[in-house]
Structure formats: structure tokens, C-alpha cells
Amino acid sequence: MTAHTPPKTYRVKSFGCQMNVYDGERMAELLSQKGITPAPEGEDADLVVLNTCHIREKAAEKVYSDIGRLVKAGREAGKEPLIAVAGCVAQAEGEEIMARAPAVSMVVGPQAYHRLGDMIDRAVAGERATDTDMPEDAKFAALPKRRKVGPSAFLTIQEGCDKFCTYCVVPYTRGAEISRPFNDLLREAQILLEAGAIEITLLGQNVNAWTGVDDTGRDIGFDALVRALAALPDLKRIRYTTSHPNDVTEGMIAMHGEVDKLMPYLHLPVQSGSDRVLKAMNRRHTARGYLKLLDRFREARPDIALSGDFIVGFPGETEAEFAETLALVDAVKYAAAFSFKYSPRPGTPAATMDGQIAREVMEERLARLQNALNRDQYAFNTASVGKTCEVLVERRGKLPGQWLGKSPWLQSVFFTGDAAIGDLVRVELVEAGPNSLAGRVLERVSA
Ligand code: SAH
Ligand code: SF4
Ligand code: F3S
């Protein structure tokens with residue numbers, strides 16, 4: 001590897017979940033603090049960070065083709081960009097990436113990216129480095145203070161996963177479950193508010209497994225954290241994702257009826273409606289148990305919008321078992337959902353199970369499931385028409401004078417009128433589409 005001139009511009013490309021996006025933002029902040037600036041839109045950057053995701057297939061192949069494209073573009077422009085591969089593919093396949101892609105000078109895992117600055121110095125000196133250590137919680141303390149964020153900001157409160165669902169790579173790429181300390185989170189939330197946030201989404205692979213100790217030394221759970229954050233005057237909205245059914249507590253259900261700032265939205269993945277499949281997935285809950293939980297949330301907060309994740313074609317899934325998933329969907333009537341074809345992940349137990357399902361079968365099942373989910377999402381949006389709600393303005397729309405924001409139920413709402421990014425605007429929802437709603441402004445609640 002040859003020496004490089006120190007990079008002046010960077011680009012961070014994030015491919016994964018919200019936690020991956022959060023990591024991407026923190027890496028960008030770290031690079032900015034080092035004096036490297038974001039590359040202008042449409043221009044090649046001196047340093048590119050590919051912040052990868054390993055959750056489903058083709059992720060790794062995509063990384064290699066991205067690297068190829070960067071090298072080619074660099075060659076045409078007569079320069080050689082510094083390339084760092086970060087995120088969950090880096091964690092899972094670090095050594096392989098180093099061996100296969102000589103153009104990559106840095107491989108850094110999701111728990112080690114606070115050391116990216118040093119790695120860049122070493123890369124400039126011509127050294128290639130891999131850092132996939134998992135130091136406990138050292139990362140957050142070492143990252144620079146957050147200075148400027150949008151009105152809706154992410155805050156990672158919990159990392160890793162100990163659940164070991166048999167299809168999933170996360171326990172391997174993100175490591176063991178850890179909760180960030182209570183006071184650190186209150187401090188980071190305050191910093192986010194000072195940096196422009198109005199809404200905070202608390203993140204974790206199992207966000208509701210969070211535990212901590214409050215100022216009086218008392219052991220507290222996720223609901224107490226939400227209540228403490230709700231007491232921050234400048235924070236107007238709280239969301240969280242992703243929850244696991246087995247970590248739902250009484251307090252978590254109750255807070256949905258009691259904390260006004262907590263938005264009426266719950267993302268609670270179920271994956272399948274068949275108890276046999278759920279068992280093989282090691283989910284440790286039943287379809288009935290899951291439905292009962294949702295009933296409890298609906299009792300606490302009748303207008304709560306429900307969302308979930310689904311996998312079709314898990315090894316051995318029969319047509320009858322898939323029909324149980326469709327029946328569960330019919331029973332719940334989700335406001336939104338994410339659904340995927342099962343993807344065998346190297347090193348996970350399900351990848352070597354008997355009864356792997358043919359691609360065409362998975363595709364056909366996914367199409368049927370998505371039909372049902374889209375139908376319900378559209379019905380949920382249609383039922384919202386006529387309601388009045390607050391919308392948090394997040395960006396401009398495509399048309400002149402148009403704004404785009406989120407309803408309390410996480411629907412995208414377009415409207416035209418007097419507003420600015422970061423406003424809370426009271427609107428009447430007047431028209432529903434499959435993926436968004438049109439609103440009519442009634443008043444600006446806050447500016
Ligand atoms: N921790 C969260 C989310 C994990 S990843 C949870 O447990 O709910 C997000 C979603 O990706 C999962 O909920 C699951 O639906 C999907 N997913 C994970 N591994 C997968 C795989 N091997 N194939 C297909 N989908 C997968
Ligand atoms: Fe993966 Fe299961 Fe953990 Fe979610 S709970 S991250 S699906 S192992
Ligand atoms: Fe992907 Fe890693 Fe998130 S595998 S889904 S980026 S935790």
C-alpha cells in the first residue's frame with residue numbers, strides 16, 4: 001500500500017438499520033472534527049466510508065462492487081480514494097475484505113469506529129488496518145460532541161443482542177447486549193436538543209431490554225428512561241425502535257397511556273404467525289402471546305399505530321404455516337410493516353437447517369403477504385382522513401411551498417403553507433395515499 005495525501009473531503013454511505021445510520025452520523029462528526037469536510041454533492045470524496053449491513057444476502061457482494069466503482073472513478077479522475085469499510089459486513093468479514101480488496105485501507109467494526117481517526121493517519125502513512133474489537137461502551141465516550149442535527153434525531157441507548165434468533169447475524173456482528181448508562185443518555189439527549197432536535201428516536205436492536213441505574217441508585221427499566229426524557233422541556237416527541245415481544249413490561253405498556261410526548265406508534269416484530277416456525281426461529285413467544293400483547297397496548301393507547309417485521313420462507317415453512325402468518329396480519333391490521341424473504345446467513349443455525357425453501361415459493365409468499373400489508377397500510381391512512389394532528393416538519397417537498405413531515409403515527413404528511421423545518425404544525429389530514437397523506441395547515445404550533 002502506498003502513502004496517501006491526507007484526505008480533505010469525505011463521504012459516509014450507510015446501508016443498514018437506524019443504528020447503522022446513527023453510527024454513520026457519528027463517524028461523519030468524527031471526520032469533521034478531524035478537519036475533513038463533507039464532499040460536495042456530485043463530487044468524488046478523498047475518503048469514502050462504506051457503512052455496511054449484513055442482515056440479508058448480497059450485502060457483501062454489494063460492498064465489493066461499490067469498492068470496484070470507487071476505484072474506477074478514482075482512476076478516471078487520476079486519484080486514489082482512501083476507502084474504509086465499516087458496519088456489520090466489516091465485523092463479519094473483515095479479514096476477507098482485506099484479502100480480496102487491496103484498495104481498502106481500513107476495516108472498522110461497529111464497536112470500534114471511534115478509533116477511525118487514528119486509522120486514517122495510519123492509512124495516510126501507507127498502512128492497512130483492521131479493527132473489529134468490541135470494547136465495552138468505550139466508543140461513546142470517545143466520540144466528539146454532537147453539534148448540529150435535524151429536528152428528528154437518533155439516540156442509540158442499547159447495543160448488541162443476546163437473543164440469537166436462529167436466522168439472524170446481529171448477535172455476531174454487534175456483540176452482546178449492553179445498555180448505555182442513564183446519565184450519559186440524558187446528557188446526549190440534552191446535547192441533541194441544543195443541536196436542533198425536537199424529536200428523539202431511541203435506538204437499540206432490543207431497545208426495550210434497556211436497563212440502568214438512576215441518580216438515587218435505583219435499578220430502572222426502559223419505561224423509566226422514557227419518562228425521564230419526557231421531562232426535558234425542549235423535547236417534544238419521543239419514539240423508539242426496535243422492541244422485542246419478550247422484553248415488554250407492564251411499565252412499557254402503561255407509559256403509552258401516560259406519557260404525552262411518547263408518540264402512538266409501536267414497532268414490534270413478530271416474524272411469523274406459526275408457533276412451529278417461531279419455535280424454530282428461537283423467538284420464544286407464540287402468535288397468541290404476541291396478539292395478547294398488542295391488545296394490551298391498544299387498551300393503554302387506543303389509537304396506537306402498530307408495525308412489525310416478517311420473514312417468509314423460513315426453512316421448513318409450509319403453505320399452512322404461511323397461511324397462519326396471513327391470518328395474524330388480518331387480525332392485527334398493521335399501520336406499517338417490513339417483510340423479507342428468508343436469507344440464509346453464514347454461521348447462523350438456520351442456514352444449515354433442512355427444508356430450505358425455493359426462491360419462487362418465497363417470492364410468491366412475499367407478494368401475497370405484501371399485498372395484505374399494503375392493503376392494511378392504505379386502510380390505516382384512509383381512516384386517518386378527517387383527523388387533526390401535529391406534524392413535525394422534516395424537509396421541503398418536491399413542489400414549491402410544499403413541506404414534508406411526520407404525523408404522530410409516523411405517516412408522511414405533505415402540506416403547503418407557511419412553515420419551516422423543525423416546526424410543529426397543526427394540520428387536518430385531508431387525503432390518503434398508500435404511503436403518505438395530504439394535510440391542510442390549521443396553525444403553526446411552535447417555531
Ligand atoms: N432486533 C430487531 C431487528 C432485527 S433486523 C428485532 O429483533 O426485531 C430487522 C429485521 O430483519 C428482522 O426483524 C427480520 O424480520 C429481518 N431479518 C433478520 N435476519 C434475516 C434473515 N436472515 N433473512 C431475512 N430477514 C431477516
Ligand atoms: Fe436478530 Fe433476533 Fe436479536 Fe432481533 S432479537 S437482532 S432478530 S437475534
Ligand atoms: Fe444491518 Fe448491522 Fe443493522 S446487520 S440491520 S446494520 S445491526
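**Exercise 1. Locate Cys53 in the predicted model and identify the residues that it contacts.**

Solution. Step 1: Cys53 sits in the loop that joins strand S3 (47–52) to helix H2 (59–76). Helices (H or I, at least four residues) and strands (E, at least two) are DSSP runs, numbered from the N terminus.

Step 2: The model is a predicted one, in which local features need pLDDT of at least 70 and side-chain atom pairs count only at pLDDT 80 or more, whereas totals for chains, interfaces and linings use all residues. Residues are numbered from 1 along each chain as its sequence is written, chains are lettered from A and ligands numbered from 1 in the order in which they are written, and side-chain values use heavy atoms, with hydrogens and water left out.

Step 3: With neighbours within four places in sequence set aside, the contacts of Cys53 (heavy atoms within 4.5 Å) are Phe15, Gly16, Ala59, Cys88 and Val89.

**Exercise 2. Determine which residues the UniProt "binding site" annotation covers, and explain why they gather at one spot.**

Solution. Step 1: The annotation, from an unreviewed entry, covers Cys17, Cys53 and Cys88. These residues span 72 residues in sequence, yet no two of their C-alpha atoms are more than 10.4 Å apart, so they gather at one spot. UniProt positions are given in the numbering used here, feature names are shortened, and annotations may be inferred rather than shown by experiment.

Step 2: Cys88 belongs to helix H3 (residues 87–100). With a relative accessible area of 10%, Cys88 is buried (buried means under 20% relative accessible area, exposed over 50%, partly exposed in between; 1.4 Å probe, protein chains only).

Step 3: Beyond its neighbours within four places in sequence, Cys88 contacts Thr52, Cys53, His54, Pro110, Thr173 and Arg174.

**Exercise 3. For the salt bridges Asp46–Lys79, Glu57–Arg359 and Asp423–Arg444, state the distance, the location of each partner and its exposure.**

Solution. Step 1: A salt bridge is a side-chain nitrogen of Lys or Arg within 4 Å of a carboxyl oxygen of Asp or Glu. The count by this rule is 38 salt bridges.

Step 2: Asp46 and Lys79 are joined at 3.3 Å, N to O. Asp46 is in the loop between strand S2 (37–38) and S3, and Lys79 in the loop between H2 and strand S4 (82–86), 33 residues apart. Asp46 is partly exposed at 23% relative accessibility, as is Lys79 at 37%.

Step 3: In the bridge of Glu57 with Arg359, the closest N and O atoms are 3.2 Å apart. Glu57 is in the loop between S3 and H2 and Arg359 in helix H13 (residues 359–384), the two being 302 residues apart. Glu57 is partly exposed at 35%, and Arg359 is partly exposed at 39%.

Step 4: For Asp423 and Arg444, the closest N and O atoms are 2.7 Å apart. Asp423 lies in the loop between strand S19 (412–416) and strand S20 (424–432), and Arg444 in strand S21 (residues 436–446). Asp423 is buried at 2% relative accessibility, whereas Arg444 is partly exposed at 34%.

**Exercise 4. List the members of the salt-bridge network that includes Glu25.**

Solution. The network links Glu25, Arg26, Glu29, Arg146, Arg180 and Glu188.
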